[in-house]
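Here are my notes on the model you asked me to look over, set out as numbered points.

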Amino acid sequence: MARNDARPVITLRSTAGTGQSYVTRKSRRNNPDRLVLRKFDPAVGQHVLFREER
């Protein structure tokens, strides 16, 4: 079975400006807006906001 476009792969980029990123999947039906998660940035050494990049 092919993967559908209802759960695309997205890239989360750090707002701290370090260039760190995470890759995850999200549901377009439940979260149509850009995703923002608080994740650990090892370059800074603390948790910061990561925003969805398109």
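Which residues does E52 touch, not counting residues up to four places away in sequence?

1. In this predicted model, E52 touches I10, T11, L12, K26, D33, R34 and L35, once residues up to four places away in sequence are left out. One of these partners, K26, is also joined to E52 through the side chains, by a polar contact of 2.9 Å.

2. As to its setting, E52 lies in strand β4, which spans residues 46-53. With a relative accessible area of 8%, E52 counts as buried, because the cut-off for that class is under 20%. Across the protein chain, 20% of the 54 residues count as buried.

3. Turning to the overall fold, the protein chain has four strands and zero helices, so that reading from the N terminus the order of elements is β-β-β-β. Taken along the principal axes, the box filled by the C-alpha atoms is roughly 40 × 20 × 15 Å.

4. On the contact pattern, if one considers contacts in the protein chain between residues at least 6 apart in sequence, then 31% of them join residues at least 24 apart.

5. Concerning surface and charge, the accessible surface of the protein chain comes to about 4200 Å², with 44% of that area belonging to carbon and sulfur atoms. The protein chain carries 12 positive and 5 negative charges, and the mean positions of these two sets are 4 Å apart.

Conventions
Residues numbered from 1 in each chain as written. Predicted model: local features only at pLDDT ≥ 70, side-chain atom pairs only at ≥ 80, totals over all residues. Heavy atoms only, no water. Helix = DSSP H or I, 4+ residues; strand = E, 2+ residues; numbered from the N terminus. Buried < 20%, exposed > 50% of the residue type's maximum accessible area, 1.4 Å probe, protein only. Polar contact = N/O pair within 3.5 Å; in protein donor to acceptor, adjacent residues only side chain to side chain. Contact = heavy atoms within 4.5 Å. Areas by Shrake-Rupley, 256 points an atom, 1.4 Å probe, with all protein chains shown as cover. Lys, Arg positive; Asp, Glu negative; His and termini not counted. Charge placed at Lys NZ, Arg CZ, Asp CG, Glu CD.
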